[in-house]
Amino acid sequence: MSAPQAVAVYRERPGPGSPRNVVQVTLAGLEVRGSTVSVRGVEQPDGAPGLAADITADAAAELRLAPGETVWFGVKAQEVTLRATHPGAA
């Protein structure tokens, strides 16, 4: 898990030298919050909320994102934090 502002959004899968932690995401929606755009993925198969990224409005405009499209979310390893999702989970 990482904070949405630590997530980068790519149109194509990042190549070598880019963040190693990448996941393909189908976009559910975009929400403009001033100079930031919250990019949300569709709900996970287990019913958990979709993944999220907060990017600048300029980056969102350059990427020309729209719901239903598939993109890649990338996170640097030092930005990842693991948390238990259920009480007592390891």
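In which element of the protein chain is confidence lowest, and in which is it highest?

**Figure 1. Overview of the predicted model and its confidence.** Among the elements of this predicted model, mean confidence is lowest in β5, at 91, and highest in strand β3 (residues 36–41), at 94. For the protein chain, the mean pLDDT is 84, and 79% of the residues reach 70 or more. Where pLDDT is low, the predicted coordinates should not be read in detail. The secondary structure consists of one helix and five strands, and the order of these elements from the N terminus is β-β-β-β-α-β. Of the 90 residues, 26% count as buried. The chain exposes about 6,100 Å², of which carbon and sulfur atoms supply 52%. Among contacts with a separation of 6 or more, 60% are made by residues 24 or more positions apart.

**Figure 2. Strand β5 and the strands that pair with it.** Strand β5 covers residues 70–75; five of its six residues are buried, so the strand is largely enclosed by the rest of the structure. Strand β1 (residues 8–10) pairs with β5 in the antiparallel sense over three bridges. Within this pairing, W72 of β5 is the bridge partner of Y10. Strand β2 (residues 21–33) also runs antiparallel to β5, and six bridges join the two. Here V25 stands opposite V71 of β5. In a regular strand the side chains alternate between the two faces of the sheet.

**Figure 3. Surroundings of S38 in strand β3.** Is S38 buried or exposed? Its relative accessibility is 1%, and because buried means under 20%, S38 counts as buried. The side chains of S38 and D54 are joined by a polar contact of 3.4 Å. Leaving aside residues up to four places away in sequence, S38 touches G29, L30, E31, R33, A53 and D54.

**Figure 4. R64 in the loop between α1 and β5.** Residue R64 is found in the loop that lies between helix α1 (57–63) and strand β5. What is the phi of R64? Its value is near 50 degrees, which is positive although the residue is not glycine. Most residues other than glycine have a negative phi. R64 has a relative accessible area of 68%; because exposed means over 50%, R64 is classed as exposed. In this respect R64 is exposed, whereas S38 in the preceding view is buried.

Terms used: Residues are numbered from 1 along each chain as its sequence is written. This is a predicted model: local features need pLDDT of at least 70, side-chain atom pairs count only at pLDDT 80 or more; totals for chains, interfaces and linings use all residues. Side-chain values use heavy atoms; hydrogens and water are left out. Buried means under 20% relative accessible area, exposed over 50%, partly exposed in between (1.4 Å probe, protein chains only). Helices (H or I, at least four residues) and strands (E, at least two) are DSSP runs, numbered from the N terminus. Two strands pair if DSSP finds at least two bridges between them. pLDDT is the predictor's confidence in each residue, from 0 to 100. A polar contact is a pair of N or O atoms within 3.5 Å; within protein, one must be able to donate a hydrogen and the other to accept it, and residues adjacent in sequence count only if both atoms are side-chain atoms. Contact means heavy atoms within 4.5 Å. Accessible areas come from the Shrake-Rupley method with a 1.4 Å probe; for residues, only the protein chains shown count as cover.
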